[in-house]
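Reader: I should like to go through the fold of this protein in a few questions. Please set out the reasoning before each result.

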Amino acid sequence: MQYSRQRANARNQPTWIAFVLLALCVLLAGCGGGNTSGGTSKQLASKQVLIFPDVGIRDPSQLDPSQGPDSNSAQVVSMIFSGLVRADKNLQVLPNQATWQISNGGKTYTFTIDPNVKFSNGMPVTAQDYVYTWTRALLPQVGSSIAAFFEGNIVGASAVNSGKVKTLAGVKALSAHTLQVTLTRPTPYFLEELTTSLFDPLNHTLVDKYGQKNWTQHISAGAGTGPFMVKSWDHNVKMTFVPNPYYYGPKTKLTEVDMPFVVDPSTAYKAFSASQYSLIWKLTPQDQQKAQAQSGFTRQSLLQSDLLFFDNTKAPFNNLAVRQAFAYAIDKATLAHAIFKDAVTPAQTIIPPGMPGYQPNYPGIPYNRAKAKQLFTSVYPNASKVPPITFTYPNSQITPDEAAALQQMWQEALGVQVKMNAMDLATYNALTAKFEVPFGFTQWGADFPDPYDWLTLNLLSTAPNNDGQWHNAQFDHLCALAETQSGNTRIQTYNQAEQIAISDVGWLPLDHQAMAAVIPSWMHGVTLNGNGLYFGDWSNVYLLQH
């Protein structure tokens, strides 16, 4: 799940789930948890309206699932759309709209779709809707940055994505409610991929009527099959949702969800403290200090990393020594303690704890001011010859304190004044999509628990998410090799690839993130998991008298 230019299981599920739970407990033991089961003996509140702020945005920037919505937009997308499968709290795959059988040595998946599934305007969903949706995402005119990678192992995907054909050979509607998918090779994480919104069925009549680019501005008209539909969208203010009357699953008790958009997390916390919201999430480290005493405070380590990237095509960052110098200059432990109040873990790796392929003993590029200075002066012995350097970042993801600390570290270690350029997330996403950020920031969270989602999807030479246009032939080779392997051999190959990406500074990891929230005891059915807020199937989400 990409979070800056953004858009949420493994091969051996029992092993990976146990690993996740152990890692999460070790990292942030002792923190409270959201209320998921308590209070069921209490009476329901007479007014079942959830006021749920979307913290960190001015307005949803991307509601087309094919485009990989950022984490804030994904909150909206997850309410409107749903698909063949879903992930539970521990990110294990569960049936949702369909059951399945696997054959042909793991290369053919046959899905039987529930005939009760309908779009929110009452139109029945058929296997052909899935054929349409998955094919559409690959079309060149749609311009999806993720479809080629998520659908890459489906027979015929590359031909559609290159514009050679408009028929996705590997996806067929055998009947109205039978969908057959044929892969080029066994892909053990294929079902995990299907938990992403890219694969959720779209109502083609909406796209046909309003066009490939504009249909999301009319998203209330039966767009998806999720538990809610959009009642109104007051741009830059809020969205209002009501239950989807045709929803196939257990119905929610909520009558409405109001979602105000709040750019500044501290402003959102103040509004929550003034009883304007039902719950609050994305608390800043400073606000966490105050919120820890509140009933319902909870904090959860995430399958998410904060990272920096550099434009490898232009000076000064086309030089490895300069990229490494910037990495050696960062005191990650001080950032985690002084700025984040120990609410995050300093990161030496790209892949976070709890993910298959995490390397807990890999040292990465440690803080070393002397080494940083040596490397930098080897390229620029005269500081006056250094080209102007600007660090651009979304102000909802990097606080002024963190930005100032990074700026000071680079100044003290390298003797260069880095200009800081903060902007709103939507503007930032638009710039990174065009590769117009020479030195920037990204957050990446797990779409599904596999190294492919971190390394191949973001740092392969051909990856559209490769914001710094970093190219390394050995890294590309190892990623390709890993996808022909299985088990521990595959993970070890990805370990080698990740070490190259870190030492060559394709990405510079800063920290592994956590999320803090206050979920009052009268707010039932909401909790946190490795991907952030978790609402389950929404039928268990309701308000108790308070």
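Author: The following exchange concerns a predicted model and takes up its sheet, its helices and its cores.

Reader: In what order do the 4 strands of the open sheet stand?

Author: The pairing in this sheet is antiparallel. Neighbouring strands are turned by 25° against each other on average, with direction ignored. Across the open sheet, the order is S5-S6-S8-S7.

Reader: Which strands stand at the edges of this sheet?

Author: An edge strand here has a single partner strand, so one side of it is left without a neighbour in the sheet. The strands that meet this description are S5 and S7 (171-175).

Reader: Which residue in S6 is the bridge partner of threonine 99?

Author: Strand S5 (residues 98-103) and strand S6 (residues 108-113) run antiparallel and are joined by 6 bridges. Alanine 98 has isoleucine 113 in S6 as its bridge partner. For threonine 99, the partner is threonine 112.

Reader: Which residue in the turn of the hairpin has a positive phi?

Author: The hairpin is formed by S5 and S6, with 4 residues between them. In that turn, a phi of about 55° belongs to asparagine 104.

Reader: At what angle does helix H3 run to S7?

Author: Helix H3 (residues 127-138) lies across three strands, namely S6, S7 and S8 (178-182). Relative to S7, the helix runs at about 170°.

Reader: Are H12 and H13 roughly parallel or roughly perpendicular to each other?

Author: Helix H12 (residues 369-379) packs against H13 with the axes 8 Å apart and at an angle of about 70°. Angles of 65 to 115 degrees count as roughly perpendicular. The two helices, H12 and H13, are therefore roughly perpendicular.

Reader: How many charged residues does the contact of H12 with H13 have?

Author: From H12, the residues Arg369, Ala372, Lys373 and Phe376 take part, and they meet Glu412, Ala413 and Leu414 in H13. By class, the contact has 4 nonpolar residues and no polar ones, and its charged residues number 3.

Reader: Which helix gives the most to the largest nonpolar core?

Author: This core has 110 residues, of which Trp134, Leu179, Phe326 and Trp410 touch the most other members. Phenylalanine 326 touches, among others, Phe310, Phe376, Trp410 and Leu414. With 7 residues, the helix that gives the most to the core is H13 (residues 400-414).

Reader: How many residues does the second, separate core have?

Author: Among the members of this second core are Phe52, Ile219, Val541 and Leu543. The number of its residues is 56.

Conventions. Residues are numbered from 1 along each chain as its sequence is written. This is a predicted model: local features need pLDDT of at least 70, side-chain atom pairs count only at pLDDT 80 or more; totals for chains, interfaces and linings use all residues. Side-chain values use heavy atoms; hydrogens and water are left out. A nonpolar core is a set of buried Ala, Val, Leu, Ile, Met, Phe, Trp, Tyr and Cys residues joined through side-chain atoms within 4.5 Å. Buried means under 20% relative accessible area, exposed over 50%, partly exposed in between (1.4 Å probe, protein chains only). Contact means heavy atoms within 4.5 Å. Axes are lines fitted to C-alpha atoms, for helices over the stretch in contact, and angles run from 0 to 180 degrees between N-to-C directions. Angles under 35 degrees count as roughly parallel, over 145 as roughly antiparallel, 65 to 115 as roughly perpendicular and the rest as oblique. Ala, Val, Leu, Ile, Met, Phe, Trp, Tyr, Cys and Pro count as nonpolar, Asp, Glu, Lys and Arg as charged, and the others, Gly among them, as polar. Two strands pair if DSSP finds at least two bridges between them. Lists of a residue's contacts leave out its neighbours within four places in sequence.
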